[in-house]
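Please walk me through this protein model, starting with its pockets and ending with the overall chain. I would like the reasoning kept close to the residues themselves.

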Amino acid sequence: MAAGLARTVSGLVRPLSLSICTRTVKICQLSSFIQPQRLYSYAAAAVRAPLRAAVCQTPRCNILQRVSALIPSLALQPSRSLTYYSVKKGKRKSVKSVTERFMRLYCGLWIRRKAGHKKKLWKKKPARRKRLREHVFCNKAQSKLLDKMTTSFWKRRNWYADDPYMKYHDRVNLKV
């Protein structure tokens, strides 16, 4: 009964010694106090003592790091890599991948190419390749996010000669 209780208590105390950095030595002493080590020979004691000291003094990680290995979505937070203040001038910077992949129309809509429009074209049929060459509009939530990721430079109106998107810049009879 007493041995079972000692094993249970030391089993509860042992995980605490893994997660608490500052009181590690005290908890190791407490766990050795609850379950005293049995010395069968001096050789076994000589081997166990340095090993136990090394275990008690190893650097510990906090509980979030231990749990994040089990749940990967907890550690990986979404990142837009948006610079709020640049180092040189202290200005907000645009995300380059947004300006390369998307185009903003003057009416506020964003257009993009379909996903996979450059991948493995040799195995796609001509009709599918034609569909992939088309442009699609981003939805309202995506457009708001892309607006946040770019500066006002990319939101101004540009006048190009023979602009193929001229009829799309001004929105007519479309609701937001």
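A pocket, as the word is used here, is an open set of grid points with protein on both sides within 12 Å along at least five of seven lines, and its volume is the space filled by probe spheres set on the points. The model is a predicted one. By these terms the second largest pocket has a volume of about 300 Å³.

The lining of this second largest pocket is made up of 15 residues. Those nearest its centre are Met-103, Arg-104, Trp-154, Asn-158 and Tyr-160. Sorted by class, eight of the lining residues are nonpolar, three are polar and four are charged. Strand S1 supplies the largest share of the lining, with three residues.

Arg-104, one of the residues nearest the centre of that pocket, also takes part in a salt bridge. Its side chain meets that of Asp-147, with 3.0 Å from N to O. Asp-147 belongs to helix H8, which covers residues 140-148, while Arg-104 sits in strand S1, residues 102-104, so the contact ties together parts that are 43 residues apart in sequence. Is Arg-104 buried or exposed? Its relative accessibility is 19%, and the cut-off for buried is under 20%, so Arg-104 counts as buried.

The structure holds two salt bridges. Besides the pair just described, the side chains of Arg-157 and Asp-170 meet in a salt bridge, at 3.2 Å from N to O. This pair links distant parts of the chain: Arg-157 lies in the loop between H8 and helix H9 (166-169), and Asp-170 in the segment after H9, with their positions 13 residues apart in the numbering. Arg-157 has a relative accessibility of 21% and therefore counts as partly exposed. Asp-170 is partly exposed as well, with a relative accessible area of 42%.

These details belong to a chain with nine helices and three strands. Read from the N terminus, the order of elements is α-α-α-α-α-α-β-β-α-β-α-α. The chain has 176 residues, and 18% of them count as buried. Among contacts with a separation of 6 or more, 54% are between residues 24 or more positions apart. The chain exposes about 14,700 Å², of which carbon and sulfur atoms supply 60%.

Note on methods. Residues are numbered from 1 along each chain as its sequence is written. This is a predicted model: local features need pLDDT of at least 70, side-chain atom pairs count only at pLDDT 80 or more; totals for chains, interfaces and linings use all residues. Side-chain values use heavy atoms; hydrogens and water are left out. A salt bridge is a side-chain nitrogen of Lys or Arg within 4 Å of a carboxyl oxygen of Asp or Glu. Helices (H or I, at least four residues) and strands (E, at least two) are DSSP runs, numbered from the N terminus. Buried means under 20% relative accessible area, exposed over 50%, partly exposed in between (1.4 Å probe, protein chains only). On a 1 Å grid over the protein atoms alone, a cavity is a set of points where a 1.4 Å probe fits but cannot get out, and a pocket is an open set with protein on both sides within 12 Å along at least five of seven lines; lining residues have an atom within 4 Å of a point. Ala, Val, Leu, Ile, Met, Phe, Trp, Tyr, Cys and Pro count as nonpolar, Asp, Glu, Lys and Arg as charged, and the others, Gly among them, as polar. Contact means heavy atoms within 4.5 Å. Accessible areas come from the Shrake-Rupley method with a 1.4 Å probe; for residues, only the protein chains shown count as cover.
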